[in-house]
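Morning, everyone. I have one structure to show today, and I will keep it short.

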Amino acid sequence: MNTREVLIMAASGLLLAGLACLPLADEGFWLTLGISLAGYVAMSTAWALFSGPTSYVSLATAAFFGTGAYVVVNLGETAPWPAVLVVAAVCGALLALLAGMATLRLSGVHFVIFTFGLAELIRQLVTWYQTNIGGAVGQYVFVDISSAQIYWQLLALCGLVFLAGWAINRSRLGLALRVIGDDETVAAHSGINTARVKLLLFCISGAFIAVVGAVLAPRWTYIEPSIAFNSMISFQVVIMALLGGSRRLWGPLVGVVPFTVLYELISGHFPNHTHLLLGTAFLLIVYFLPQGVAGRIEQLRLRRTHREAPAARSPATLGETAR
């Protein structure tokens with residue numbers, strides 16, 4: 001690591017430590033908002049680990065999230081909490097593996113439709129099982145975990161996701177993903193096993209999102225398929241990541257904060273028009289910020305650099321340098 005990366009990591013560690021003090025100051029609205037922000041930062045960043053460099057828009061987030069939540073429903077009262085989280089991560093990775101083996105050879109709108117259908121299929125299967133075999137749709141969750149503990153776990157998970165993204169970007173895997181995102185045909189002709197690379201990142205992304213679902217499950221005392229596998233989770237994660245910029249590791253963070261605050265305001269003041277306003281926001285983001293806020297900042301920085309470069313090479317400057 002160079003000096004700049006060390007400083008960034010140190011600053012990130014101090015920021016996480018500062019944010020961890022939130023439950024000590026407030027256990028009401030601000031803690032609830034902090035839990036939502038931390039959960040969506042973790043999910044959006046995990047989503048961007050795969051979808052950012054490959055440009056594959058996945059709508060399977062709700063499937064992974066719901067899988068993690070139902071692991072808690074079934075194991076939360078009998079297994080140690082760390083073991084429950086590990087099982088949730090493994091289940092999310094296995095689901096991503098099975099889905100990826102069937103879908104990652106697709107591209108474009110076909111992949112989007114299939115991943116959206118995956119979440120709906122799992123929701124319907126769980127509903128059918130609970131109705132016909134379990135005897136009731138939905139189950140109670142009795143896990144003794146406080147809101148502060150949920151918040152701290154989500155903060156730690158955010159740190160792990162960012163560390164994983166940083167390590168991937170510096171590895172050969174990250175380079176392979178960037179080549180695939182630029183031109184998958186060229187990547188295949190360069191000797192990159194595109195299917196294996198995409199599948200591996202899809203599994204990592206699915207594992208992180210499933211753990212988020214497991215950590216957040218105790219917030220509900222009663223979970224049913226329509227809550228755990230809510231398709232709005234998938235759409236919100238995509239919108240947040242695209243708003244911030246999915247091709248940069250810190251991009252989703254930039255999108256999550258303003259969008260979560262905006263969503264809280266919209267859902268609180270216009271509950272009957274939430275979906276309409278979210279859809280409008282998505283269209284505006286795609287049209288006006290195709291590279292997200294992070295991409296726009298990068299474009300402005302490059303323009304400024306290009307404007308300053310001729311001035312630095314002007315005759316007067318060169319003459320002073322010669323003297």
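I will go through one helix pair and then two pockets.

First, a caution: this is a predicted model.

Start with helix H3, residues 29-54, and helix H13, residues 251-269. Their axes come within 9 Å and cross at roughly 140 degrees. Angles over 145 count as roughly antiparallel and 65 to 115 as roughly perpendicular, so H3 and H13 are classed as oblique to each other. The crossing is right-handed.

Which residues of H3 and H13 meet? On the H3 side there are Leu-33, Ser-36, Leu-37, Tyr-40, Val-41, Ser-44, Thr-45 and Ala-48. On the H13 side there are Pro-252, Leu-253, Val-256, Val-257, Thr-260 and Glu-264. That contact consists of nine nonpolar, four polar and one charged residues.

Now the pockets. The largest pocket has a volume of about 1,100 Å³. Its lining has 30 residues, and Ser-12, Leu-15, Phe-162, Trp-250 and Leu-253 lie nearest the centre. H1 (3-19), H3, H7 (147-169) and H13 each supply at least two lining residues. H1 gives the most, with nine. By class, this lining is 21 nonpolar, five polar and four charged.

The second largest pocket holds about 460 Å³ of space. Here 17 residues form the lining, with Ser-36, Tyr-40, Arg-219, Trp-220 and Ile-233 nearest the centre. H3, H11 (225-228), H12 (231-244) and H13 each supply at least two of them. Which helix gives the most to this lining? H3 does, with five residues. The class split is ten nonpolar, five polar and two charged.

To return to the helix pair, Ser-36 and Tyr-40 of H3 are among the residues that meet H13, and Ser-36 and Tyr-40 also lie nearest the centre of the second largest pocket, along with three others.

Technical notes:
Residues numbered from 1 in each chain as written. Predicted model: local features only at pLDDT ≥ 70, side-chain atom pairs only at ≥ 80, totals over all residues. Heavy atoms only, no water. Axes fitted to C-alpha atoms, helices over the stretch in contact; angles between N-to-C directions. Helix = DSSP H or I, 4+ residues; strand = E, 2+ residues; numbered from the N terminus. Parallel < 35°, antiparallel > 145°, perpendicular 65-115°, else oblique. Left-handed = near helix turned anticlockwise from the far one by under 90°. Contact = heavy atoms within 4.5 Å. Nonpolar A, V, L, I, M, F, W, Y, C, P; charged D, E, K, R; others polar. 1 Å grid on protein atoms, 1.4 Å probe; cavity = no way out; pocket = protein on both sides within 12 Å on 5 of 7 lines; lining within 4 Å. Points joined across faces, edges and corners; volume = space filled by probe spheres on them.
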